[in-house]
Amino acid sequence: MGGPVVLGIESSCDETGAGIVQDGRLLAHVVATSMDEHARFGGVVPEIAARAHLHSFNPVVREALDRAGLRIGQIDAVAVTTGPGLSGALQVGLAGAKSVAYAAGVPLYGVHHLAGHVAADTLEHGPLPDPCVVLIVSGGHTSLLLVRDLVREPILHLGDTLDDAAGECFDKVARILGLSYPGGPAIDRAARSGDPKAVAFPRPLTRPGDDPYAFSFSGLKTAAARWVEQHVQRGEEVPVADGAAALQEAVADVLTRKALAACRAYDVKTLIVVGGVAANSRVRALAEKRCASAGIELRVPPMTLCTDNGAMIAAVGDLLVRAGTEPAPLDVSIDPSAPLEYASLNPLARPAARVA
């Protein structure tokens, strides 16, 4: 017999994910995405995302159980993302998770979405080193963290983005370049035939005196937009591949430069890169090169665990259960803008405002 079997539910944006983890081992995970439905709008539409979660929740959970060869009665705990994310999307996932936990008669654990991204690496590489520096890069978040015990100790923010996240920058510039949504994979594909040195895009917040761990990608996005505009005004064809390669190089340079600086400053020997942008080929390659030169171990989850998924939430739930953490109260709610302080996130529903 193994340890408790944990079902994880993720629904913070446009992916409905269910994962099953036992003793740090991934038994199954399934993801349904509504990305194609959002593509024609150039970004995620919250109402469409919430509706897609409603349609996908039961089939995704059933398929995850089938892949693991389990019945609902063999689940020992349910973990669910309670924030941050889109309010309607989070509500659907939480309501579904509460229903499953009630039907199975098992405890429910609220999980911070970003802690899930951190825990995703444990499913591939085992327990997190104590301490480690974690670089989270996604469509909505870019953060440098100092992590010790993920579920027992507070998570120290070394730096966060001051405006656009790295993935958001990719999405916006991809649209400017006429590339498809989502922008990250489109930029990556276009960059393969481009010259990363063709355009001297800025490296934000890397000058002496700047915050060494903060990020800002809004100015980089603007620089790319102006570069495209100059070509259009001159009646020239925009060299999309070169622009994509140069943009990707600038983002990868800033991300890895700051992450390595944090490792050196805190005498940490392991860097973990997680989140959707961790799937970017140049971010991975440059991180590998710079970590190897600095004698720092680099850990990056497999591509399928970089983007939002239920496995990462189940991984946190598994750690919480094994650490003896108290489960969420029955009236646990969501917090769409929750800061990352602890892996466990159990906000309570706020009473409705009284109408005079």
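Phe 201 is buried in this predicted model, because its relative accessible area is 6%, below the 20% limit for that class. Trp 227 also counts as buried, at 13% relative accessibility. The rings of Phe 201 and Trp 227 have centres 6.0 Å apart and planes at 80 degrees, so the pair is edge-to-face; the cut-off for that class is over 60 degrees. The two residues come from distant parts of the chain, 26 residues apart: Phe 201 sits in the loop between α7 (183-191) and α8 (218-233), and Trp 227 in helix α8.

The whole structure holds 3 aromatic pairs. Another of them joins Phe 215 and Phe 217, which are stacked, with 6.2 Å from centre to centre and 15 degrees between the planes. Phe 215 and Phe 217 are both buried. The table sets out these two pairs.

| Pair | Centre distance | Angle of planes | Class |
|---|---|---|---|
| Phe 201 and Trp 227 | 6.0 Å | 80 degrees | edge-to-face |
| Phe 215 and Phe 217 | 6.2 Å | 15 degrees | stacked |

**The sheet of β1 to β5**

An open sheet of 5 strands runs in the order β3-β2-β1-β4-β5, and its pairing is mixed. The edge positions belong to β3 (25-33) and β5 (108-112); each has a single partner strand, so one side of each lacks a neighbour in the sheet. Direction ignored, neighbouring strands here are turned by 20 degrees against each other on average.

At the β3 edge, strand β2 (residues 15-22) pairs with β3 in the antiparallel sense over 8 bridges. Within that pairing, Thr 16 has Ala 32 in β3 as its bridge partner. The loop between β2 and β3 contains Asp 23. The phi of Asp 23 is near 55 degrees, a positive value in a residue other than glycine. Asp 23 is partly exposed, since its relative accessible area of 38% falls between the limits of 20% and 50%.

Two helices lie across strands of this sheet. Helix α2 (residues 46-68) crosses β1 (5-10), β2 and β3, and runs at about 25 degrees to β2. Helix α3 (residues 87-104) lies across β1, β4 (77-83) and β5, at about 165 degrees to β4. In the loop between β4 and α3 is Pro 84. The peptide bond leading into Pro 84 from Gly 83 is cis, with omega near -10 degrees.

**The sheet of β6 to β10**

Another open sheet, also of 5 strands with mixed pairing, has the order β8-β7-β6-β9-β10. Which strands stand at its edges? They are β8 (156-160) and β10 (297-299); each has a single partner strand, so one side of each is left without a neighbour in the sheet. From one strand to the next, the twist averages 20 degrees.

Strand β7 (residues 142-147) pairs with the edge strand β8 in the antiparallel sense over 4 bridges. There, Leu 145 stands opposite His 157 in β8.

**Helices α6 and α9**

Helix α6 (residues 166-176) packs with helix α9 (residues 240-265) at an angle of about 170 degrees, and their axes are 11 Å apart. That angle makes α6 roughly antiparallel to α9, because values over 145 degrees fall in that class.

On the α6 side, the contact consists of Ala 166, Cys 169, Phe 170 and Val 173. These residues meet Leu 247, Gln 248, Val 251 and Leu 255 in α9. Sorted by class, the contact of α6 with α9 has 7 nonpolar residues, 1 polar residue and no charged residues.

Each of these helices is followed by a loop with a backbone feature to note. Pro 182 lies in the loop between α6 and α7. The bond from Tyr 181 to Pro 182 is a cis peptide bond, with omega near 0 degrees.

The loop between α9 and β9 (270-274) holds Asp 267. What is the sign of phi at Asp 267? Phi of Asp 267 is positive, at about 55 degrees, although the residue is not a glycine. Asp 267 counts as exposed, because its relative accessibility of 56% is over the 50% limit.

How values were computed. Residues numbered from 1 in each chain as written. Predicted model: local features only at pLDDT ≥ 70, side-chain atom pairs only at ≥ 80, totals over all residues. Heavy atoms only, no water. Pairing = 2+ DSSP bridges. Axes fitted to C-alpha atoms, helices over the stretch in contact; angles between N-to-C directions. Parallel < 35°, antiparallel > 145°, perpendicular 65-115°, else oblique. Contact = heavy atoms within 4.5 Å. Nonpolar A, V, L, I, M, F, W, Y, C, P; charged D, E, K, R; others polar. Phe/Tyr/Trp six-rings, centres within 6.5 Å; stacked < 30°, edge-to-face > 60°. Buried < 20%, exposed > 50% of the residue type's maximum accessible area, 1.4 Å probe, protein only.
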